[in-house]
Amino acid sequence: MKNVLTATAIALAAAFGAASAHAAVKVGGVPVMQTAPANGVPLLINGAGVVNMGGKMAAAVYLPQNTTSASSIMTMPGAKSIRLTALSNMSAEAFAKALESGVKKGVSAAQYASFKPAMDAFSKQLASIKQIPRGETVELLFEPSNGIVLMGPGSHIIPGTGNAELYQAMLRMLPAGVLSNQSIQNQNING
């Protein structure tokens with residue numbers, strides 16, 4: 001009987017430990033997960049905050065490991081994710097325009113010209129969904145072997161387009177606290 005109770009206690013501790021690793025933090029009043037899977041590899045929340053992307057959105061950046069270095073965020077190998085959750089119903093077209101404007105501001109005209117086909121593809125697909133409902137998430141997932149995968153409310157929208165340089169431009173348009181936030185990173189450790 002003692003062995004059964006010990007085994008049950010160990011199982012419960014493991015379950016609660018796993019649950020806390022995936023617990024949500026609140027950003028703009030909405031829950032944002034502390035980890036995000038990318039092809040079976042967990043990414044850790046590195047920073048989060050509210051941004052205006054054609055409407056207010058809770059934004060979170062996920063990386064393979066936490067860092068406070070902006071250059072490390074940009075050059076870290078492996079998958080990365082930007083997740084943006086609408087805080088109210090918003091136009092997908094407005095989101096696409098804000099994404100394009102943010103990228104355009106952070107790069108040269110020549111560099112933007114090389115990104116234009118991918119940005120046009122994002123805009124076209126976002127226009128097809130019309131609206132991003134409150135509480136729905138748009139994810140910009142960078143996978144080194146696939147490029148940028150754009151996922152929208154409920155489904156994949158675009159499989160792999162763009163490159164690491166375009167993704168870095170997307171990261172640069174986010175405020176510093178969204179890229180890296182020590183108190184949010186501490187929640188990954190302290191769960």
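This note goes through the overall make-up of a predicted model, then two helix contacts and one glycine in a loop.

1. On the chain as a whole, the secondary structure of this predicted model comes to seven helices and eleven strands. Of the 191 residues in the chain, 41% are buried, and the area that the chain exposes is about 9400 Å², with carbon and sulfur atoms supplying 58% of it. When contacts between residues at least 6 apart in sequence are considered, 58% of them join residues at least 24 apart.

2. Helix α3, residues 92–105, packs with α4 at an angle of about 165 degrees, and their axes are 8 Å apart. Angles over 145 degrees count as roughly antiparallel, and α3 and α4 are therefore roughly antiparallel to each other. The crossing of these two helices is right-handed.

3. The residues that make this contact are, on the α3 side, Ala-92, Phe-95, Ala-96, Leu-99, Glu-100, Val-103 and Lys-104, and, on the α4 side, Tyr-112, Phe-115, Lys-116, Met-119, Phe-122, Ser-123, Leu-126 and Ile-129. Sorted by class, the contact of α3 with α4 holds eleven nonpolar residues, one polar residue and three charged ones.

4. Helix α4, residues 109–129, also has a contact with helix α5, residues 164–172; the axes of α4 and α5 come within 10 Å and cross at roughly 80 degrees. Angles of 65 to 115 degrees count as roughly perpendicular, and α4 and α5 are therefore roughly perpendicular to each other.

5. In this second contact, Gln-111, Phe-115, Ala-118, Met-119 and Phe-122 of α4 meet Glu-165, Leu-166, Ala-169 and Met-170 of α5. The classes here are seven nonpolar residues, one polar and one charged. A reader comparing the two lists will find that Phe-115, Met-119 and Phe-122 of α4 appear in the contact with α5 and also in the contact with α3.

6. Gly-162 lies in the loop between β11, residues 155–161, and α5. With a relative accessible area of 35%, Gly-162 is partly exposed. Leaving aside residues up to four places away in sequence, Gly-162 touches Ala-118, Gly-147 and Ile-148; of these, Ala-118 is also one of the α4 residues that meet α5. Between Gly-162 and Val-149, which are 13 residues apart in sequence, the C-alpha to C-alpha separation in space is 8.7 Å.

How values were computed
Residues numbered from 1 in each chain as written. Predicted model: local features only at pLDDT ≥ 70, side-chain atom pairs only at ≥ 80, totals over all residues. Heavy atoms only, no water. Axes fitted to C-alpha atoms, helices over the stretch in contact; angles between N-to-C directions. Helix = DSSP H or I, 4+ residues; strand = E, 2+ residues; numbered from the N terminus. Parallel < 35°, antiparallel > 145°, perpendicular 65-115°, else oblique. Contact = heavy atoms within 4.5 Å. Nonpolar A, V, L, I, M, F, W, Y, C, P; charged D, E, K, R; others polar. Left-handed = near helix turned anticlockwise from the far one by under 90°. Buried < 20%, exposed > 50% of the residue type's maximum accessible area, 1.4 Å probe, protein only. Areas by Shrake-Rupley, 256 points an atom, 1.4 Å probe, with all protein chains shown as cover.
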